[in-house]
Amino acid sequence: MENPNCPKYLQPHLERGAEFHGYLSPGLVIGIFMVDLAKELLGPCDLIDAVVETRSCVPDAIQLMTSCTYGNGWMATKDWDKMALTLYDKEAREGVRVFVDLDKVKKYPLVHQWYMKFGDVDKDEVSRQLIDIGRDILSWQRVRVTHPRKAKRAFVVCSSCGETHPASDGELCQRCSGSDDYYEITDKGMVARQQVWPMVK
Ligand code: ZN
């Protein structure tokens, strides 16, 4: 979505974002502007860590525009459903929290309707408007990050399934203890080398 009001340097992020995310969702557009603003306010920084306060859309903007990913553990995720994120200096633990400011959103009726989930809206149109609006709906605050660093955890073997899990979970893994189950086994497979790599002889 070419837009003359959108800074040129953000255009590649919007394009790559649409590709990575599957489509250019409003949340992703906001996320891209949020990360851009947070990086600018944070300034030069050797190691950036991130905390994102929603599990949808915004994390992908962080993964695209910083070196923080789900997989490398430099991005912590809060399941708060808030359009907000913090980028911070990993050593100093000082950073910037950028968030969508409802008072500013109210100036834009369609975006407001989408943001408050007041019924169905044309998301493509919301995305188009958001590219136009850019930073105008964002606010920020300087913060010190207090959440604990992740301690290294030893692993043990589950006495029920035989798979490994953090010792802190106890004798049984979270699945076998029933505390966080998500599947039942319907078939057991054997994996042979040629099944995994059919092209390798
Ligand atoms: Zn188990």
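The largest nonpolar core of this predicted model has 41 residues, and those with the most contacts inside it are Ile30, Ile62, Leu85, Leu87, Ile137 and Leu138. Such a core is a set of buried Ala, Val, Leu, Ile, Met, Phe, Trp, Tyr and Cys residues joined through side-chain atoms within 4.5 Å. At least two residues of this core come from each of H2, E1, H3, E3, strand E4 (94-100), helix H5 (109-115) and helix H6 (123-133). H2 supplies the largest share, eleven residues. The element names refer to DSSP runs numbered from the N terminus, with helices (H or I) of at least four residues and strands (E) of at least two.

Some conventions apply throughout. Residues are numbered from 1 along each chain as its sequence is written, and because the model is predicted, local features need pLDDT of at least 70 and side-chain atom pairs count only at pLDDT 80 or more, whereas totals for chains, interfaces and linings use all residues. Side-chain values use heavy atoms, with hydrogens and water left out.

Two residues show how the core is joined to other parts of the chain. Ile30, one of the residues with the most contacts inside the core, touches Met83, Val100, Trp114, Leu130, Ile137 and Leu138, not counting residues up to four places away in sequence; a contact here means heavy atoms within 4.5 Å. Leu37 is found in helix H2 and counts as buried at 8% relative accessibility. The term buried denotes a relative accessible area under 20%, exposed one over 50%, and partly exposed anything in between, computed with a 1.4 Å probe on protein chains only. With residues up to four places away in sequence again left out, Leu37 touches Val98, Arg135, Leu138 and Trp140. Of these partners, Arg135 is 98 residues from Leu37 in sequence, yet the two C-alpha atoms are 7.6 Å apart in space.

Helix H3 offers a clear case of enclosure. Eight of the eight residues of H3 (residues 58-65) are buried, so this helix is largely enclosed by the rest of the structure. They are Val58, Pro59, Asp60, Ala61, Ile62, Gln63, Leu64 and Met65, and they pack against helix H1 (11-21), helix H2 (26-42), strand E1 (48-52), strand E2 (75-77) and strand E3 (84-89). Met65 is also a partner of Leu10, a residue in the segment before H1. Leu10 is buried, with a relative accessible area of 0%, and touches Ile32, Phe33 and Asp36 as well as Met65, not counting residues up to four places away in sequence. The C-alpha atoms of Leu10 and Met65 are separated by 9.9 Å, although the residues are 55 places apart along the chain.

Strand E3 contains Thr86, which is buried at a relative accessible area of 7%. Leaving aside neighbours within four places in sequence, Thr86 is in contact with Asp49, Ala50, Val51, Val96, Arg97, Val143 and Val145. The C-alpha atoms of Thr86 and Ala76, ten residues apart along the chain, are separated by 9.7 Å.

Two loops contain residues other than glycine with positive phi. Arg93, in the loop between E3 and E4, has phi near 60° and counts as buried at 13% relative accessibility. Lys117, in the loop between H5 and H6, has phi near 55° but counts as exposed at 69% relative accessibility.

Lys117 also leads to the second largest pocket. This pocket is lined by 17 residues, of which Ser56, Met83, Trp114, Tyr115 and Lys117 lie nearest its centre. About 390 Å³ of space lies in the pocket, a volume being the space filled by probe spheres set on grid points that are joined across faces, edges and corners. On a 1 Å grid over the protein atoms alone, a pocket is an open set of points with protein on both sides within 12 Å along at least five of seven lines, and lining residues have an atom within 4 Å of a point; a cavity, by contrast, is a set of points where a 1.4 Å probe fits but cannot get out. H2 and H5 each supply at least two residues of the lining.

The remaining feature is the metal site. The zinc ion is coordinated by the SG atoms of Cys158, Cys161, Cys173 and Cys176, at 2.3 to 2.4 Å. Donors are N, O and S atoms within 2.8 Å of the metal (3.2 Å for Na, K and Ca), and sites may look incomplete, as water is not among the atoms. Along the chain, the donors follow the spacing C-x2-C-x11-C-x2-C. Angles of 100 to 116° among the four donor atoms make the site tetrahedral, a label given to four donors if all angles lie between 85 and 135 degrees. Among the donor residues, Cys173 is buried at a relative accessible area of 11%, whereas Cys176 is partly exposed at 24%.

Methods. Tetrahedral: all angles 85-135°; square planar, octahedral: opposite > 155°, others 65-115°.
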